[in-house]
Amino acid sequence: MSLWLQQSAPFTAATTLPERTDVAIIGGGIAGIATALHLAQAGVEVTVLEQRTVASRASGRNDGQLLLGLGEHYHRIHGQFGPDKARLLWDFLRDNHAALRASLAAHGVDCGLRQDGGLRLAETPHEWTELQTAAALLAAEGKPHRLVPADELARWLPAGRGFHGALHLVGEAIVQPVQMVRGLAQAASKAGAHIVEGAGVAAIDGDAGAFSLRLQDGQRLAASIVVHCTSTLARELDPSGLLSRTVFPFRGQIVATDPLPAAIVQQFPTYAMSSNFCYEYFRMANDRFVIGGKRWSVPGEQLGILDDDGSHPQITANLLAYVHEHFPVLQGTAFPHLWTGIMAGTPDGLPLVGALPGAPGTFALLAFNGYGLSFAFLAGRCLAEMIVDGQGQHPALPLFAPRRLLPA
Ligand SMILES: Cc1cc2nc3c(=O)[nH]c(=O)nc-3n(C[C@H](O)[C@H](O)[C@H](O)COP(=O)(O)OP(=O)(O)OC[C@H]3O[C@@H](n4cnc5c(N)ncnc54)[C@H](O)[C@@H]3O)c2cc1C
């Protein structure tokens with residue numbers, strides 16, 4: 001079990017299954033909870049069906065970093081999508097964080113939010129040149145950041161060794177993800193959402209306006225609209241077949257220490273941190289050091305895996321080797337906490353937000369390609385707008401339309 005799940009109180013407002021609902025959301029991770037919160041606030045009758053407990057899968061097993069730019073260095077996003085789409089993507093994540101922070105404050109959700117920014121560290125001299133290219137683009141577009149040359153790094157990250165410079169991104173943050181999602185779930189519940197735990201969906205019968213969802217225990221829920229927020233865990237429930245054809249699983253792995261002595265803690269800042277193009281990511285959490293990544297370092301890169309009970313011993317060894325190389329102050333420190341989580345990918349690296357083509361009354365909000373904690377709050381609001389008003393407001397939304405993944 002992840003450190004966050006161990007530390008967090010259960011979600012306490014879970015209800016029993018109603019007979020019918022306007023909108024049935026399948027999945028109680030950040031995607032399902034954010035959508036439920038916005039729908040309930042708009043006065044829609046909404047029910048979340050969660051197979052296990054709220055935030056028990058990826059949403060409770062991540063590194064708790066609220067990132068900008070999909071975790072990629074900005075010039076690479078420019079290169080992949082072109083300047084206009086890159087700006088839209090950046091703005092979407094920036095707007096997500098502003099909306100999320102406002103909602104956490106409005107609902108009094110205490111989830112250890114630290115808004116000290118993010119530090120992207122260069123693993124090699126080549127990555128340092130890429131960070132400088134990214135910084136030049138950020139500067140040209142007026143996006144707040146700071147380049148940190150290697151000889152200044154000791155002030156920013158005293159424990160760090162062997163990095164070649166860094167880019168500090170104002171606007172990134174860290175949270176305790178389970179407390180965040182369960183806090184938002186309490187707010188959704190207060191706004192009128194039914195959130196039912198232990199409610200795995202086995203099948204969906206019927207059509208738009210008259211769906212009948214059959215649960216794994218045989219109970220049924222009637223619904224007018226169905227929203228798939230199941231990441232890559234229940235693709236077979238999508239009648240259009242699009243999710244099975246386009247969304248794929250991959251597994252991430254994290255290790256963490258117990259609380260460290262004060263003399264060590266003060267050598268680590270509370271930034272969202274990463275290196276090697278965000279493949280390795282780390283942060284402090286209540287005096288513990290938490291680090292994930294290295295999935296690229298084993299054959300198969302953990303693609304196609306749905307099991308988040310197990311872990312890969314070579315990844316653990318490689319994460320510890322990284323720690324010892326870059327943070328020698330942690331030599332001899334035990335990492336007793338180890339967990340994995342399943343993420344969902346798409347061929348173009350962007351999520352699905354919107355109506356599933358060929359399946360009237362059916363929507364999807366999933367496949368965040370490893371950045372859902374940073375993405376799903378605003379995406380949930382946009383999906384709620386699509387359901388209530390027929391279209392979402394944010395100008396980036398066409399980038400995430402599920403129909404883009406249909407064969408040409
Ligand atoms: C190791 C790791 C590190 C990460 N670090 C970060 C990070 O620092 N920053 C960031 O932004 N993102 C990070 N992510 C990604 C982020 O955690 C995910 O993108 C996000 O949590 C996905 O949320 P979700 O709601 O789509 O999926 P999930 O949280 O997986 O929720 C899907 C839910 O659907 C439920 N479900 C499945 N099948 C059914 C069914 N048949 N019936 C009912 N319910 C069902 C599941 O039980 C689950 O609760 C990380 C992920 C991992 C694994």
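Helix α2 gives the largest share of the shell around the ligand, 3 residues. The model is predicted. Domain 1 and domain 2 both contribute residues to that shell, so the ligand lies between them. An open sheet of 8 strands is also described below, along with two helices that pack on its strands.

**Ligand shell**
- The ligand is surrounded by 42 residues.
- The closest of these are Gly27, Gly29, Gly252, Gly341 and Gly372.
- Three elements each give two or more residues to the shell: α2 (30-41), β12 and β16.
- By class, the shell around the ligand holds 18 nonpolar, 19 polar and 5 charged residues.

**Domains and their contact**
- In the domain assignment of the protein chain, domain 1 covers 3-61 + 178-246 + 348-403.
- Domain 2 covers 118-170 + 248-345.
- The C-alpha centres of domain 1 and domain 2 are 30 Å apart.
- Domain 1 puts 12 residues into the contact, and domain 2 puts in 15 residues.
- On the side of domain 1 that touches domain 2, the residues split into 6 nonpolar, 4 polar and 2 charged.

**The open sheet**
- The sheet has 8 strands, in the order β5-β6-β4-β13-β14-β15-β12-β16.
- Its pairing is mixed.
- The edge strands are β5 (145-148) and β16 (337-345), and each of them pairs on one side only.
- Neighbouring strands of this sheet are turned against each other by 20 degrees on average, direction ignored.

**The β12 and β16 pair**
- Strand β12 (residues 248-256) pairs with β16 in the antiparallel sense.
- The two strands share 9 bridges.
- Gln253 has Thr340 of β16 as its bridge partner.
- Both β12 and β16 are also among the elements that give two or more residues to the shell around the ligand.

**Helices on the sheet**
- Helix α5 (residues 125-140) packs on the sheet.
- Helix α5 touches β4 (118-121), β5 and β6 (166-169).
- The direction of α5 makes about 155 degrees with that of β5.
- Helix α10 (residues 313-326) lies across β12, β14 (280-285), β15 (288-292) and β16.
- Helix α10 runs at about 50 degrees to β12.

Terms used:
Residues are numbered from 1 along each chain as its sequence is written. This is a predicted model: local features need pLDDT of at least 70, side-chain atom pairs count only at pLDDT 80 or more; totals for chains, interfaces and linings use all residues. Two strands pair if DSSP finds at least two bridges between them. Helices (H or I, at least four residues) and strands (E, at least two) are DSSP runs, numbered from the N terminus. Axes are lines fitted to C-alpha atoms, for helices over the stretch in contact, and angles run from 0 to 180 degrees between N-to-C directions. Two residues are in contact if their C-beta atoms, placed from the backbone, lie within 7 Å. Domain bounds come from an automatic or database domain assignment. Ala, Val, Leu, Ile, Met, Phe, Trp, Tyr, Cys and Pro count as nonpolar, Asp, Glu, Lys and Arg as charged, and the others, Gly among them, as polar. A residue is near a molecule or strand if its C-beta atom, placed from the backbone, lies within 6 Å of it.
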